[in-house]
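Open the model in your viewer and keep the selection panel at hand. We will go stop by stop.

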Amino acid sequence: MSVHLFMTAGRGPQECAWALARLLRRLETEAARKNLTTERVGTVPGDRPGTHRSVLLRIAGPGAETFAASWTGTLCWQAPSPYRSEAGRKNWYVTAQPCQVDIPRTAFSEADVDVVACRTGGPGGQHRNKASTAVRATHRPSGIVVVVDTERQFSLNRRIAMQRLRQRIEYGDEATGRAVITARWRIHDELERGNPTRVERPETSGQGH
């Protein structure tokens, strides 16, 4: 069992990128204690060394989804700013949301296509109407239907129908992939400051500064 968690400092100040790095280390430490493995699939560095604007994290092991849920939502790192001593604010917010990474691809097989001969009109339609050389092809898993009557031979129209079905399925998969990426990056703008679902602080020994 594995889940991907996308953590981002959003458009917050540089302290939020610093807070994200601290929260990430805290999460990884806690995951290790629960015998879960974590992998930083992708990171966007912050302006300061050792900080992150965003991180895509893979969490794997029994109970990974439950663990990720405990780190989902608005997270708060409560500590003074390491960059501005005059800053009175001590709450730095990060958001974390599970996200889809592995985009399913639709496997195309001609065995999944129902092909029916049909008649259509148009130029030269009289010949085709009598011979029923047009093709209506239905891809059962996706429900996509194409009708081809450009050729006078059934076999040629069938071949073209299969090509068009394959192209439409591939285009649909590409559109799904773009939607998944867009949804992930939209999280940047969904950071809610205040009402955190989780508040973390540096250890008393000073760890985390």
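Which residue lies over the face of Tyr83? Select Tyr83 and look above the ring. Arg48 is there, at 4.2 Å from the ring centre. Keep in mind that this is a predicted model.

**Second ring**

Now select Trp71 and Arg198. The charged end of Arg198 sits over the ring of Trp71, 3.8 Å from the ring centre. What about rings that pair with other rings? The count of aromatic pairs is 0.

**The whole chain**

Zoom out and switch to cartoon. You should find 4 helices and 9 strands. Trace them along the sequence and the pattern reads β-α-β-β-α-β-β-β-α-β-β-α-β.

**The sheet**

Colour the strands S2, S3, S1, S5, S4 and S9. These 6 strands form an open sheet, in the order S2-S3-S1-S5-S4-S9, with mixed pairing. Why do S2 and S9 each have one side without a neighbour in the sheet? Strand S2 (37-45) and strand S9 (198-200) stand at the edges with a single partner strand each, so one side of each stays free of a neighbour there. Next, turn the view to see the twist. On average, neighbouring strands of this sheet are turned by 25° against each other, direction ignored.

**Strand S1**

Select residues 2-8, which make up strand S1. Is this strand mostly covered or mostly open? It is mostly covered, with 6 of its 7 residues buried.

Look at the S3 side. S1 and S3 pair in the antiparallel sense, over 7 bridges. Pick Ser2 to see one such contact point: its bridge partner in S3 is Ala60.

Then look at the S5 side. S5 covers residues 91-98, and its pairing with S1 is antiparallel too, over 4 bridges. Pick Phe6 here; Gln97 in S5 stands opposite.

**The helix across the sheet**

Select residues 14-33. This is helix H1, and it lies across S1, S2, S3, S4, S5 and S9. To check its course, add strand S3 (52-60): H1 runs at about 15° to S3. Strand S4, also crossed by H1, spans residues 73-78.

**Surface and core**

Finish with a surface view of the protein. About 11600 Å² is exposed, and carbon and sulfur atoms supply 47% of that area. Then hide the surface and look inside. Of the 209 residues, 42% are buried. Among contacts with a separation of 6 or more, 64% join residues 24 or more positions apart.

Key:
Residues numbered from 1 in each chain as written. Predicted model: local features only at pLDDT ≥ 70, side-chain atom pairs only at ≥ 80, totals over all residues. Heavy atoms only, no water. Pairing = 2+ DSSP bridges. Helix = DSSP H or I, 4+ residues; strand = E, 2+ residues; numbered from the N terminus. Axes fitted to C-alpha atoms, helices over the stretch in contact; angles between N-to-C directions. Contact = heavy atoms within 4.5 Å. Phe/Tyr/Trp six-rings, centres within 6.5 Å; stacked < 30°, edge-to-face > 60°. Lys NZ or Arg CZ within 6 Å of the ring centre and 35° of its normal. Buried < 20%, exposed > 50% of the residue type's maximum accessible area, 1.4 Å probe, protein only. Areas by Shrake-Rupley, 256 points an atom, 1.4 Å probe, with all protein chains shown as cover.
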